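Subject: Handover of a structure and its description

Dear colleague,

Please find the structure below, together with its sequence. I would be grateful if you would read the notes that come after it with the structure open.

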Amino acid sequence: MRGSDALSKLRYDDVPIAESVAVKELLEEVASKFSELDESLVRRKTLQVLAKLVKERRPDMLEVPRDGFCPVCGSPSPLGYLDSNGALWLMCPMCGATWRVHRVKCPYCSSEETWFKRDLFAPWIRVYGCDKCGHNWIVVDEKEESYPGIPREAYWLILKRYMGA
Ligand SMILES: [Zn+2]
Ligand SMILES: [Zn+2]
């Protein structure tokens with residue numbers, strides 16, 4: 001892919017990667033491969049390809065703790081997990097990227113007045129909340145003793161149960 005060179009030159013920015021000028025050519029190239037699909041599906045598929053490329057070529061851009069908005073496409077995420085090292089990652093509902101966030105700060109307003117409670121029956125599920133902005137998010141604690149080891153894609157089903165989404 002010609003445009004994928006753009007990724008190696010990309011620097012940290014507040015703008016989602018998908019909106020940076022350097023990546024535009026790459027996105028057009030990817031989108032052209034899905035031209036038989038409808039527009040919203042093309043956007044989603046394109047962003048998914050971009051997220052994969054970023055993970056392969058610029059994992060560093062996903063590893064620096066950020067806020068609750070996807071560094072690839074800008075979507076907010078209410079779902080994440082604590083990995084075996086205790087790092088907190090959010091998962092993008094649009095492009096599938098995962099990126100690191102601060103453990104104590106609210107991913108939406110940076111307040112440190114956050115709380116969490118464990119599910120009574122499944123203590124590996126944490127429900128987080130922020131008293132300042134009122135956001136809630138769900139985090140799967142993969143290092144909790146009772147964590148059953150399910151595929152990460154299935155975490156979305158857990159989120160549905162809590163958020164009624
Ligand atoms: Zn995304
Ligand atoms: Zn907040």
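The notes below go from the overall fold to the sheet and then to one helix.

This is a predicted model, in which local features need pLDDT of at least 70 and side-chain atom pairs count only at pLDDT 80 or more, while totals for chains, interfaces and linings use all residues. Residues are numbered from 1 along each chain as its sequence is written, and chains are lettered from A and ligands numbered from 1 in the order in which they are written.

Overall fold

The protein has five helices and six strands; helices (H or I, at least four residues) and strands (E, at least two) are DSSP runs, numbered from the N terminus. Their order from the N terminus is α-α-α-α-β-β-β-β-β-β-α. With a radius of gyration of 17 Å, close to the 15 Å given by the globule rule for 165 residues, the protein is as compact as a globular protein of that length. That radius is taken over C-alpha atoms, and the rule is 2.2 Å times the number of residues to the power 0.38.

The sheet

The six strands form an open sheet in the order 3-2-1-6-5-4, with mixed pairing; two strands pair if DSSP finds at least two bridges between them. Strand 3 and strand 4 (114-118) are the edge strands, each pairing on one side only.

At one edge, strand 2 (residues 88-91) pairs with strand 3 in the antiparallel sense over four bridges, and Met91 stands opposite Thr98. Six residues lie between these two strands in their hairpin, where Gly96 takes a positive phi near 85°. The side chains of strand 3 (residues 98-101) alternate: Trp99 and Val101 point to one face and are buried, whereas Thr98 and Arg100 point to the other and are not. A residue is buried if 20 or more other C-beta atoms, placed from the backbone, lie within 10 Å of its own.

At the other edge, strand 4 and strand 5 (residues 125-130) are antiparallel over five bridges, with Gly129 in strand 5 as the bridge partner of Trp115.

Helix 2

In helix 2 (residues 24-31), the residues Leu26, Leu27 and Val30 are buried. Viewed down the helix axis, the buried residues fall within an arc of 100°, so they line one face of helix 2; the arc is that of the directions from the axis to the C-beta atoms.

Yours sincerely

Conventions: A residue is buried if 20 or more other C-beta atoms lie within 10 Å of its own, exposed if 12 or fewer, and partly exposed in between; C-beta atoms are placed from the backbone.
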